[in-house]
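Work through the following exercises with the sequence and the model at hand, and try each task before reading its solution.

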Amino acid sequence: MHEHFWERFRQEAQEGLQLWESPSVSVGVVKDGQVVLCEGFGLRDEAGGLPANGQTLYQIGSCSKAFTAALVAILVDQGKLDWDTPIRQYVPEVRFYDEYLTRSATLRDLLSHRTGLPRHEYAWYGTDFTKEQLIHNLRYLEPNQPMRTVFQYNNQCYILAGYIVERLTGKTYEQCLSEYLFEPLGMTRTCAFLDDIEGDANHATPYDRPDPLDVLHGKRAIPFYRMPAEDKAAGIGTPLGPAGSINSCPEDMLKWVQLHLNHGRVGDRQLISEAAMAQLHHPQMLLQTPLDMPMDEAAFHCYGLGWFLESFRGKKLLQHGGNINGFSGFTAFLPEENLGVVAYTNMNGSYLHYALARTVLDHYLGYEDGNWVRRYRDFVAERQKKLPDQMAAFTGKQVPGTHPAHELAEYAGVYRRDGYTPVTVTVEDGRLHLDFIGTRAALTHYHYETFLVEGVVGELPPRIPVHFHTAEVGGAVDGLAMPLVTEPGGSLIRFQKQEG
């Protein structure tokens, strides 16, 4: 029965690569302690014609968060940390925008995304901030929900959790990963520096779509995402580290999943106590809506500590996705079935890895193929059709016949706000241009004092608006605002124009 399934699965993977126009996907499966699949499909590098396999390194993005939570669990076992002690006892210098959050936030809050902080994604992405600067800047990032009331995914809180691990151990985050997890688990190919993945002979090249308005067609090789503060020679990892820096392969990630299926034990060693593992795997925060594709097969969406939890076809599923420039990943396991599935791809916007993983889960749960490859693609295609409606929510209905209130030169200047890198506006060839987080793009007038970015900023929808503000006294341009926080209830991020 299984062999027939794997024959169909391999064919489906190859067909899925064509359907999704993706270069490669690598998949691993462990069942009852035995690796039953560890293979790559397609080309990890199309220019070189290099095939992917089960040892090919991919960036796993936010699948890294479970490793950060596990490091905290190890320190809890050692008595150096506590899940529910306010973190100010460990890092008294850390401040949040809200004084109550400063006094009360715990590691459980940080690791379950319930601090009330929205993503503020562009306060770190594309910046040259160091980890210490990102931690300092937390005091400038406004919450938009009361603490412990709403799940809001947040990378900075995981960066902070990793920083606390560093402070309590006196070691770098990367050293802790190697000493406490990679080495005991025999994850010999897994690493956390970009130099290591780029220098490895068997790594996947990152790819993206050529047209940001079309997330389904075409592919082009892109550079790895590198934060300038990363310096392996100096032992300095990327500031993003604890939220999404790990590079790995299916062969190694199956060892990681097996640790969780074994309740924290590897061989005859209890690496993490069963009590601490239970905390990682226990629901800590209810999700209002799933981040994955809506599906009838899944319900009761929650977040634990570094893991999403759901009931998938009536079974408890722990899983986490990951995305970073040119890579997407999925790490999952069904404890009751003693089954783990991992899948990684080197293409932005492809959901093929999700589809193949759920195909494997269906097989072992006794269901016919849920047509996941096609369903995920239809989901993404339908979401793409709704992109104009998303943009309308940012810009409002265009008012025809309006003009800017000022000469273009009056908009030029440097705009700043604490916690973010500056926004620079210039005039070139009779048009405004914007420079922000490594993005340089022209601005097109939309109406009144609103212009649209001709391109993509980070992972925001294309053509986001830039709203300029006129001073109440004197009428000069004195600020701008952009929708950089996109969660429900997210406010515009406002920057003040600098004089001179």
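On a 1 Å grid over the protein atoms alone, a cavity is a set of points where a 1.4 Å probe fits but cannot get out, whereas a pocket is an open set with protein on both sides within 12 Å along at least five of seven lines, and lining residues have an atom within 4 Å of a point. Grid points are joined across faces, edges and corners, and a volume is the space filled by probe spheres set on the points. The model is predicted, with local features requiring pLDDT of at least 70 and side-chain atom pairs pLDDT 80 or more, while totals for chains, interfaces and linings use all residues. Residues are numbered from 1 along each chain as its sequence is written, and side-chain values use heavy atoms, with hydrogens and water left out.

**Exercise 1. Describe the enclosed space.**

Begin with the count: the structure holds one cavity of 30 Å³ or more. Next take the volume, which for the largest cavity is about 90 Å³. Then list the lining, which consists of Gln59, Ala192, Leu194, Tyr225, Glu230, Thr238, Leu240, Gly244, Ser245, Asn247 and Ile324. Finally sort these residues by class, counting Ala, Val, Leu, Ile, Met, Phe, Trp, Tyr, Cys and Pro as nonpolar, Asp, Glu, Lys and Arg as charged, and the others, Gly among them, as polar; the lining has five nonpolar, five polar and one charged residues.

**Exercise 2. Characterise the second largest pocket and the helices that line it.**

The volume of the second largest pocket is about 210 Å³. Of its 14 lining residues, Lys131, Glu132, Glu166, Ile236 and Gly237 are the closest to its centre. Helices are DSSP runs (H or I, at least four residues), numbered from the N terminus; helix H5 (131-137) and H6 each supply at least two lining residues, and H6 gives the largest share, three residues. By class, the lining of this pocket has four nonpolar, four polar and six charged residues.

**Exercise 3. Analyse how H2 packs against H6.**

Axes are lines fitted to C-alpha atoms, for helices over the stretch in contact, and angles run from 0 to 180 degrees between N-to-C directions. The axes of H2 (residues 65-77) and H6 (residues 155-169) come within 10 Å and cross at roughly 35°. With contact meaning heavy atoms within 4.5 Å, Lys65, Thr68, Leu71, Val72 and Leu75 in H2 meet Asn155, Tyr158, Ala161, Gly162, Val165, Leu168 and Thr169 in H6. This contact has seven nonpolar, four polar and one charged residues.

**Exercise 4. Repeat the analysis for H12 and H13.**

H12 (residues 352-364) and H13 (residues 372-385) pack at an angle of about 145°, with their axes 8 Å apart. Leu352, Tyr354, Ala355, Leu356, Arg358, Thr359 and Asp362 in H12 meet Trp372, Val373 and Tyr376 in H13. The residues of this contact divide into seven nonpolar, one polar and two charged.
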